[in-house]
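Please take a moment to look over the sequence and the structure shown below before reading on. The paragraphs that follow lead through it step by step.

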Amino acid sequence: MQESNTAIQAMDVSFFYGPNQALFNISLDVAPKRVTALIGPSGCGKSTFLRCLNRMNDIIPKTRLTGKVLINGQDIYDAKENIVDLRKQVGMVFQKSNPFPKSIFDNVAYGPRIHKLHDRKRLAEIVEKSLRRAALWDEVKDRLGENAMGLSGGQQQRLCIARALAVDPQILLMDEPASALDPKSTTHIEDLIGELRQDYTIVIVTHNMQQAARVSDTTAFFYEGRLIELGRTKRIFTKPKEKQTEDYITGRFG
Amino acid sequence: MSGNLSQKLSYQLLRLITYGIVLCIGYILFDVIRHGLPVINWDFLTSFPRRSGSEGGILPAIVGTFYLTVGTIMVALPLGIGCAIYLAEYAEQNRFSELVRLAIITLAGVPSIVYGLFGLGLFVIFCRFGTSILAGSLTLACMVLPIIIVTSEEALRAVPRGFREASLALGATKWQTIRTNVLPYSISGMITGSILAIGRAAGETAPILLTVAAFFLPKLPGSVFDQVMALPYHLYILATQHPETEKVLPLQYGTALVLLMLVLGMNIGAIVIRIYFRKKYKW
């Protein structure tokens with residue numbers, strides 16, 4: 001266990017969709033309990049890289065990964081690695097909020113239930129705790145039995161965060177979690193990320209550069225499947241070293 | 001202006017076609033009900049045919065068709081849905097799975113008499129089931145399987161990928177995901193499509209002609225290895241094989257109406273199921 005200073009260690013990761021290479025030799029360390037933002041223009045591989053971190057790309061046929069991804073020192077692509085345990089440790093929030101068409105309670109309780117927790121009292125505790133952490137409890141506490149599809153877009157996304165938190169992960173992957181939301185809901189989500197950083201390691205993909213600047217400690221700039229620059233967010237946005245990074249953050253392309 | 005005119009013309013044409021179809025079906029229904037309704041009474045529904053079908057009721061045919069339908073559902077539904085789940089969720093999408101799909105769609109177009117002969121060869125003779133409910137149900141099941149597989153696969157594919165991803169990302173296994181987050185949302189589509197297909201099969205004559213149907217039976221079937229009478233076959237006999245087809249015309253109408261009601265009942269059942277699940281899981 002390398003609890004000390006890396007939660008995720010990507011080593012020389014390349015990724016292929018069939019014959020097309022989407023990622024080229026990415027090496028990147030993510031510090032625990034920090035927010036790391038992955039930025040870059042559309043199609044630069046930032047989402048693909050994020051999905052490598054909980055093996056979400058496994059479900060896409062004809063894909064292939066080379067290199068290593070270590071989480072807490074364990075190679076998650078090792079044949080012995082249990083993918084269920086991995087995904088319990090590494091939660092994910094998607095771009096398009098995707099609550100299940102079930103009740104609010106059942107949405108949050110879904111994770112614990114599939115991991116064989118059926119004790120009503122424990123489940124109720126976990127649901128409340130998770131919804132509180134996702135800053136949604138006060139809005140929904142009186143209607144936990146209602147269908148989650150009746151919530152607003154921003155509420156749905158916070159529900160998805162609560163659902164991910166309910167299995168008690170250490171790492172939270174967020175794939176453009178606010179890109180489909182209005183400004184007010186976006187602020188909500190960003191505030192929430194600010195709260196969650198105390199307890200979770202967060203990796204967030206965003207193509208909103210202000211957002212990356214506001215919420216993250218570290219920023220990684222991706223371009224055409226390559227990691228161009230990695231550094232403290234403040235430094236990246238004020239004194240980028242690479243020309244491409246500078247061009248992107250000053251809005252010259254992307 | 002001319003664009004506007006052709007727009008109006010094509011609109012009227014499409015409307016005419018639709019009305020035409022509704023009118024045809026309406027007339028058939030009207031005709032069957034007008035001639036069939038006077039025949040239907042308690043005695044007609046609950047007694048055995050007398051004098052080789054010239055008098056009496058159609059109870060054994062109703063019971064027979066009911067048994068065949070239930071048998072078909074019990075065989076075809078689990079097999080068809082299972083196959084659809086495999087094709088939609090597990091099978092790798094490659095040449096082979098495409099070939100399987102092509103084969104299934106082709107099977108859906110095979111004439112029903114061919115299924116009848118197939119059932120005769122495989123179930124009646126080779127498996128030694130004899131002409132029986134078992135052989136007939138299996139034959140009908142083979143006939144509806146392709147339709148059930150195709151509609152079920154469509155229903156599965158209609159479930160948004162986001163539900164699957166969210167479930168997998170929480171650490172659910174593939175089967176847990178399918179069971180808790182795919183099947184519940186697609187089951188209504190599967191059941192509706194399947195019941196419509198089975199309703200149609202209930203009215204088929206050719207597949208049961210050689211595998212199960214009896215012209216006349218003095219008693220109700222006691223086991224799955226017994227023969228039964230069936231509504232469509234009974235109708236066929238009365239209409240073409242009976243010495244006095246003119247005289248038994250009202251009975252033909254009565255039988256046709258009962259068969260129609262049975263199929264209609266199943267279709268209404270399918271709609272009710274759909275509404276129930278739509279309300280329960282909407283997105």
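In what order do the six strands of the open sheet in chain A stand? In this model, which is predicted, the order is β6-β7-β8-β3-β9-β10, and the pairing between the strands is mixed. Strands β6 (90–93) and β10 (226–232) of chain A have a single partner strand each and stand at the edges, so one side of each is left without a neighbour in the sheet. Going from one strand to the next, the twist averages 15°.

It helps to look at one pair of strands in detail. Strands of a sheet pair through backbone hydrogen bonds, and the pairing can be either parallel or antiparallel. Strand β7 (residues 171–175) and strand β8 (residues 201–205) of chain A run parallel and are joined by five bridges. Within this part of the sheet, A:M174 stands opposite A:I204, which belongs to β8(A).

From the sheet we turn to a helix of the same chain. Why can helix α3 (residues 104–114) of chain A be called largely enclosed by the rest of the structure? The reason is that nine of its eleven residues are buried, where a residue counts as buried if 20 or more other C-beta atoms lie within 10 Å of its own. The buried residues of α3(A) are A:I104, A:D106, A:N107, A:V108, A:A109, A:Y110, A:G111, A:P112 and A:I114. They pack against α4 (120–133), α5 (137–140) and α6 (153–165) of chain A, and also against α8 of chain B. Just after this helix, A:K116 takes a positive phi of about 70°.

Because α3(A) packs partly against a helix of chain B, the contact between the chains is a natural next step. The contact takes 21 residues from chain A and 18 residues from chain B. On the side of chain B that touches chain A, α7 (161–169) and α8 (174–181) of chain B each supply at least two residues, and α7(B) gives the most, with six residues. By character, the residues on this side of chain B divide into nine nonpolar, six polar and three charged.

Finally, consider chain B as a whole. Its secondary structure comes to twelve helices and two strands, and along the sequence these follow the pattern α-α-β-β-α-α-α-α-α-α-α-α-α-α. The C-alpha trace of chain B spans about 70 × 65 × 35 Å along its principal axes, and of its 283 residues 40% count as buried. Among the contacts in chain B with a separation of 6 or more, 76% are between residues 24 or more positions apart.

How values were computed: Residues are numbered from 1 along each chain as its sequence is written. Chains are lettered from A and ligands numbered from 1 in the order in which they are written. This is a predicted model: local features need pLDDT of at least 70, side-chain atom pairs count only at pLDDT 80 or more; totals for chains, interfaces and linings use all residues. Two residues are in contact if their C-beta atoms, placed from the backbone, lie within 7 Å. Helices (H or I, at least four residues) and strands (E, at least two) are DSSP runs, numbered from the N terminus. Ala, Val, Leu, Ile, Met, Phe, Trp, Tyr, Cys and Pro count as nonpolar, Asp, Glu, Lys and Arg as charged, and the others, Gly among them, as polar. A residue is buried if 20 or more other C-beta atoms lie within 10 Å of its own, exposed if 12 or fewer, and partly exposed in between; C-beta atoms are placed from the backbone. Two strands pair if DSSP finds at least two bridges between them. Axes are lines fitted to C-alpha atoms, for helices over the stretch in contact, and angles run from 0 to 180 degrees between N-to-C directions.
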